[in-house]
Every structure is written in C-alpha cells, then in structure tokens.
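Here is a walk through one protein model, from its enclosed voids to a sheet and then to an open pocket. Keep the viewer at hand.

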Amino acid sequence: MSEPSEGLSNLLHEERRFPPPAELTANANYGAEAYAAAATDRLGFWDDKARRLSWATDWTQTLDWSDAPHAKWFVGGKLNASVNCVDRHVEAGLGDRVAIHFEGEPGDTRTITYAELGVLVAKAAHALTELGVKQGDRVAIYLPMSVEAVVSMLACARVGAIHSVIFGGFSAQAIYDRVIDADASLVITADGGWRRGKVFALKPVVDEALAKGTTGVKNVIVVRRGENDVDFDAERDVWWHELVDRQPDTHTAEAFDAENPLFILYTSGTTGKPKGILHTTGGYLTQAAYTHHAAFDLKAETDVYWCTADIGWVTGHSYIVYGPLANGATQVIYEGTPDTPTQDRFWQIVEKYRVSLLYTAPTTIRTFMKWGEELPAAHDLSSLRVLGSVGEPINPEAWMWYRRVIGGDRCPIVDTWWQTETGAMMISPLPGVTATKPGSAMKALPGVSVDVVDDVGTPVPNGGGGLLVLTEPWPAMLRGIWKDDARFVETYWSRFAAQGYYFAGDGAKKDEDGDLWLLGRVDDVMNVSGHRISTTEVESALVSHPSVAEAAVVGANDPTTGQGIVAFVILRGNTANGGDAQVAELRNHVAKEIGAIAKPRQILVVAELPKTRSGKIMRRLLRDVAENRAVGDVTTLADSSVMDLISSGLSSGKAED
Ligand code: WTA
C-alpha cells in the first residue's frame, strides 16, 4: 500500500462548522429521521426508495446476497429505465416541463421538454431496432455533450441494449480496446463537437479505431453537429438525421428484469487494462434517483440543476442522465469548456438559466480561484441553493472559496464521495441536516454502510486513519467486471474477504466526531482533474514507444488538477538524446495511445529507476522527487545511489518538459 496524499491528513482538527440554512431544513426532502429509519430497517428503507420509481412488476425480495459478492436487488421486479426517466413524467401531466436546456459552446441553444424528449427517445429506439439492436447487445457511444448523447443512452435502455459510453477525449486505440472488450455491434458518434472555439473530430477517430482490426461493429450512426466533412462508409455509416428523424414518434417499451444490464463503463484500475464496470437497472436507478433527490434536496418543480461533468464519466451517467431525469428535474447541459469564449462562461450560464443546484469538481473550483473572484462577482448567482462537489478530495481552501464566492455564504456544500463502481453517491452531507466541515464528506448517506479499517479489517477508532470499506451491499453496486469475474472478486472483495467488505481503494480518516475525510487513492490509480488514470496504463503507453526502454509513472500533487502525471523514463541506447523534442514526442505518444487527459505533465529522462532487490519500482521515492521533497528512506533499494543520480539529473533541468 502506498500512502495517501499527505496534504489533507493534518486537517483533522477543523473547528469550523456550517449548519444548514433554517429554511432549507424546514422544507428539506430528508431530515435527520432518515438516518434512524435506514438504521432500523435498511432493506425496508431501500424498498421505499425503489417505490419512488415506476415498476411494471413488483419485486418479491429486496436483496439476494446468497451468492455474495454477486448481488441481486429487487428480485423479480421489472421496469424500464427510459420509461422511468421520461414517459412517466409525461403521463403525470408534466410533459411541458423543460427536461434539458442545452447550451452549445458557440452559444446556440435548444430547449427540450419531457414530452419532446419522449418523442426523441421513441424515434431513436425505433432506429436501434431497425439496425437490429436487441436486448443485451452492446452499443458504444462516442459523442460530445449533446441532447443526442442523452437520447442515445435512454434509447439503449429502452430496448434493453447495454450502452458503453466512451469519453470524447479518448484515442482511437482506447475506442478500439473498448469496442473489442464489449464486443459492440453499433457505435454512435458525431461529425464533431465544439471545444475551445474549434470543432474537434470524433468520426475520424472512430474510423481509425475500427480500422485497427476486425470488430463486431455493423453500423456507425453519425450525429451532425460540427458541420465538417467526414468520410462515409456507405455500407456501415448512417446519418442520425436520416435514420432517426423518419421513425414513428411513439414507442411501446418492454419492462426488463431489475437485474437486466443497463450499461458498461470502462474505468482505470491498477493494471494497464481498463475494467468494464457493469451496472444493472433497478438498483442502480433507485439509488441514482434517491441520492440526487436527497443530496441536492431537489425540488423538481422549481429547481434548475446543472452538473458540469461529461457524459463520458460516471458522474454524467448518474447525475446528468439517470438520477435527474428519473426525478423529473429541469437541467442545463453545456457542451464546452469554462473558458470559452470567456472565463466567466459558467457564471453567465448560472445567471441565464437561474441555476439553483450546481454540481462540479474541485479541480474546476481551483481553476476558478486562479481566475479571480471578479468573474463570478460580475454575475447574479443569487439563484444558487445547494453546491455539490465530486471526483476528488476538496481541500478546505477550495471548499471555503466555493462557499463564499459562488454560494454567497448561504448555500450548503455537499461533498459527495462515490465511484464508478458504486454507481451512485455513498458519502455526502444532507443539505438540510448536516453541519458541514470544510473538506470533509462527513458521513454515509442514509441506507449506506461504510467504515474505515486497518490493514486486517478492524475498524479504526475516531481520530484514526486507514482504508475505506463498504460494509453492506447497496443497490447501485457494480454487478461485475465485464467478462472478468475473477478480477471483480480479486479487486474489490478479496482484501477483506473474511469480513465480506468491499475495498474501495481510498484512504480515509475518522475525525474525533467520527466524520470522514477522504485522503485519495491508496493504489496505483491517479486522480487527475477528477479523472481516473492508472500509472500502469501510462507506463504501458510509454514503453510502447520504440525509444523507451523502461518507464515509471507517479501522480504528484498539483495545485489545480489534484494530481499531475509525472513520468520517469529510461531511453534505449542509441535511439535517443532525451532532448525537448523527444520529450514532446513521448507526451504526444501517450495522448495518442490513451487520450489527451493522460498526457504526462512532466517527463524526466533518467539513467536508472529506483528498485527494490526484488525488482519492484519504489514509486514513493519517485513521488518525493516529483513533489520536490527530500527523498525518503532508500535503505531497501538494490542500489541506493540511484536516487542521487536521479536527483542530480533533475537539478540540471535537462529533462524538464
Ligand atoms: C475519488 C467519480 C474524495 C476517489 C464519481 C474514488 C473522491 C475515485 C470523491 C472514483 C470525493 C470521488 N472526495 N475523493 N468527494 N469523489 N473521489 O470512478 O478516489 O471516476 O475512489 O468516480 O475518485 O473515481 P470515479
């Protein structure tokens, strides 16, 4: 186990408390009694939450855990996720409520009501059926932030197909790997999307991916967005507007089993190969909807909600698509970046749509801190009511800034801890109940059971630190890793098999009140701007370059992105000189192999790497170097002079990018 990031561990004597605003407490969706109700009858509590959805057939058993760690929730129940997200609101007379305010980066807008969303989803579902997509088939979605991205996901859910959304920043290689692993038969993409004032290519990346080898892909649907030229394969490719627009605008949906797979989402683990995290329908939707309703205190009639995540990550799945739409919320979806055309774009959007619930990441908040208070101050942010944070630990300075500058010292902050694997929020304040502390996610939501344990699984006392575990199954839990059950059991359930705990991979502390402080990953997974990237993945990408003999990658503290990727490489004998051009080429090579998000912040060319006698690279020492600290204990190194060599090479500055 490597040690979690140091920065937060000394902050456990926080004296500041921010009690909830009185009028929020008075009208809160969830009061303190929710904790008591869940503690008295946990499964009954989840039954109640499941009943917030609309089921075609009731379940006969809440949880079947007899085949642990393989769970079945709401056994025998049947429902359709897309009906829950759309049709039932229209049937309830809410068809005219805005579901989506879409704001394109160039400033174009679209307003989609629930009734209109219903028509779009119906047409897209018919289109999938026309292309032969059936229940259980896999559909890869590689789209910009758009109405079509939401519609595509819901259309898959409607026909029982399993979507696998691939973040629009991923490379052709990453698409190919995912399409092969999931054996997708269809890809939905676009001719492009807007980013930083330019159209970025998507379709050519898909073309390149599918040319890498034989895949099961029969068709590619292409949304027109960028208005740029794309190559078309007449047999395989079809325009969205030609296929979807001509379909009937009503569609009768089948109800599927609660455990019918809903989606696969690939995420980084500790090895080079991304894991296909599998989620199913009933439990996932129950918890996504409940947590969105609880943590944001959503009032669907009046609130305007905005989650700034991309649909390519789990936050976009649970808190743009499934949670908010299942709750009948009105939300903003924004296509572009916060700095285009100007650095106050987010605050323009909040003002324009009167956003009341905002969900964003600490890295974004820290970026805004750099850009200065004047930008948000120039806008009317008085509509804001609750502010959410997700993706990485939020440092108290950023928390305080978020509260004061964005929230006008009036809005509760909900720091929500969860993972792709957990499917939905697990740890978060309740905005009408919790007196928050800057930097703490506080405690498990009602219905969720967590603890912090030592290496052998014994709970640590208040004031102690250790590993975060989930001690009871929860409805939105992953049901497996696609096609790799052994890895599922090994990764999450083997470390504390005796106790039956889920091992989250995060370090955490309990403060003197028992409130939780998340301290970052304890494994080789880095967290860069809230995105998970494994050190091994980047190392594999580097050594796939002909000039690299060996590579070691660490996540180093970064004031804005949380962690930054720092790579140490040994070059092959004669091929290389380690100059700027070569370092630049290696950075681009990583971007090409994985995606621009995985580009190392810094590549250091070294002659040796620090290894133990058994050959294990000591990343701890490399992290010391990357974070400009005195190098720690080197006694276990096979050759203790290696660190001197590395450090002296650095001070020459030769390898800096
Ligand atoms: C980290 C994102 C501290 C954590 C929803 C976790 C957090 C990983 C928080 C999952 C938070 C997420 N405080 N750390 N509020 N939220 N994390 O799968 O290390 O992209 O294990 O899911 O992000 O990242 P993932």
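**Voids, a sheet and a pocket**

A search of the whole structure, which is a predicted model, turns up three cavities of 30 Å³ or more. Empty space of this kind shows up when a probe the size of a water molecule is rolled over the atoms.

Start with the largest cavity. Its volume is about 50 Å³. Leu 79, Asn 80 and Ala 81 line it, together with Ala 157, Gly 160 and Ala 161. The rest of the lining is Phe 256, Asn 260, Pro 261, Leu 262 and Thr 281. Which classes do the lining residues of the largest cavity fall into? Seven are nonpolar and four are polar, while no charged residues take part.

The second largest cavity comes next, at about 40 Å³. Phe 18, Pro 19, Pro 20 and Pro 21 contribute to its lining. So do Arg 403, Pro 412, Pro 431, Thr 434 and Thr 436. By class, that makes six nonpolar, two polar and one charged.

Now turn to the sheet. Seven strands build an open sheet, ordered S5-S4-S17-S16-S18-S19-S20, with mixed pairing. At the edges sit strand S5 (109–113) and strand S20 (413–416), each of which pairs on one side only. On average, neighbouring strands of this sheet are turned by 15° against each other, direction ignored.

Look at one pair in detail. Strand S18 (residues 357–360) runs parallel to strand S19 (residues 386–390), and four bridges join them. Tyr 359 has Gly 388 in S19 as its bridge partner.

A helix belongs in this picture too. Helix H5 (residues 114–130) lies across strand S4 (98–103) and S5. At what angle does H5 run to S5? The value is about 90°.

Last, the second largest pocket. It holds about 660 Å³ of space. The lining counts 30 residues, and the closest to the pocket centre are Thr 270, Arg 495, Val 522, Asp 523 and Asp 524. Three elements give two or more residues to this lining: helix H16 (485–493), strand S24 (502–510) and helix H19 (619–626). H16 supplies the largest share, four residues.

What is the class make-up of the lining of the second largest pocket? It has eight nonpolar, nine polar and 13 charged residues. Set that beside the largest cavity, whose lining has no charged residues, and the second largest cavity, whose lining has one.

Key:
Residues numbered from 1 in each chain as written. Predicted model: local features only at pLDDT ≥ 70, side-chain atom pairs only at ≥ 80, totals over all residues. Heavy atoms only, no water. 1 Å grid on protein atoms, 1.4 Å probe; cavity = no way out; pocket = protein on both sides within 12 Å on 5 of 7 lines; lining within 4 Å. Points joined across faces, edges and corners; volume = space filled by probe spheres on them. Nonpolar A, V, L, I, M, F, W, Y, C, P; charged D, E, K, R; others polar. Pairing = 2+ DSSP bridges. Axes fitted to C-alpha atoms, helices over the stretch in contact; angles between N-to-C directions. Contact = heavy atoms within 4.5 Å.
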